[in-house]
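I opened the notebook to record what I looked up in this model, beginning with charged side chains and ending with the nonpolar ones.

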Amino acid sequence: MSQGKAPAVEHSLRLFNELKGLGVQIILVSSRRECLRSATIDNLVDVGYHGWTSLILRGADDEHKNIQKFKAEVRKKLINSGYRIWGILGDQWSSIEGLPSAKRTFKLPNPLYYVA
């Protein structure tokens, strides 16, 4: 992750660009730690993910939280800030589960790892 060399998942990038073209504000939420922000942004832009609204990473206060709790809390803060969450796309169930939810969820396969 710190090298910022991950390739884009083509169908995810295609969906990203389609949604962006429709005017959807895209907020990226990752369980990556804040110290990886620069490498993450560079990697995202290098493989074609640009034009997103915000990138939310785990800060020091989030270290003790499990991923599901962290991402659910982020969604709650976004809703309290006036956003409507239309969809969640993730490769781990911990990214999708928990309340508040979204109108649509998309669980992607991940051949590299599974978080139980």
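Entry 1. I looked up Glu34 and noted that this residue is partly exposed, since its relative accessible area is 36%, a value that falls between the 20% and 50% cut-offs. I was working from a predicted model throughout. The side chain of Glu34 meets that of Arg37 in a salt bridge, with 2.4 Å from N to O. For Arg37 I found a relative accessible area of 25%, so I entered Arg37 as partly exposed as well.

Entry 2. I then asked how many salt bridges there are by this rule. The count comes to five. I turned to the one that Glu63 forms with Arg33, where the closest N and O atoms are 2.8 Å apart. I noted that this pair links distant parts of the chain, because Glu63 sits in the loop between S2 and H3 while Arg33 belongs to strand S1 (residues 27-33), and the two are 30 residues apart. Glu63 has a relative accessibility of 34% and is therefore partly exposed, and Arg33, at 40%, also counts as partly exposed.

Entry 3. Is Asp62, in the loop between S2 and helix H3 (67-80), buried or exposed? I found a relative accessible area of 13%, so Asp62 is buried, the cut-off for that word being under 20%. Leaving aside residues up to four places away in sequence, I listed Leu57 and Phe70 as the residues that Asp62 touches. Asp62 also forms a salt bridge with Lys65, whose closest N and O atoms are 3.0 Å apart, and I noted that both partners are buried. Following the charges further, I found Asp62 and Lys65 linked with Lys69 and Glu73 in a network of salt bridges.

Entry 4. I finished with the largest nonpolar core, which is made up of 10 residues: Ala8, Leu13, Phe16, Ile26, Leu28, Leu44, Tyr49, Trp52, Leu55 and Leu57. Helix H1 (10-21) and strand S2 (54-58) are the elements that give two or more residues to this core. I reminded myself that in soluble globular proteins nonpolar side chains tend to be buried together. Leu57, which I had already listed as a contact of Asp62, is one of the core residues.

Entry 5. Which residues does Tyr49 touch, not counting those up to four places away in sequence? I wrote down Ala8, Val9, Ser12, Leu13, Phe16 and Leu44. Among them, Ala8, Leu13, Phe16 and Leu44 are listed in the core alongside Tyr49.

Terms used
Residues are numbered from 1 along each chain as its sequence is written. This is a predicted model: local features need pLDDT of at least 70, side-chain atom pairs count only at pLDDT 80 or more; totals for chains, interfaces and linings use all residues. Side-chain values use heavy atoms; hydrogens and water are left out. A nonpolar core is a set of buried Ala, Val, Leu, Ile, Met, Phe, Trp, Tyr and Cys residues joined through side-chain atoms within 4.5 Å. Buried means under 20% relative accessible area, exposed over 50%, partly exposed in between (1.4 Å probe, protein chains only). Helices (H or I, at least four residues) and strands (E, at least two) are DSSP runs, numbered from the N terminus. Contact means heavy atoms within 4.5 Å. A salt bridge is a side-chain nitrogen of Lys or Arg within 4 Å of a carboxyl oxygen of Asp or Glu.
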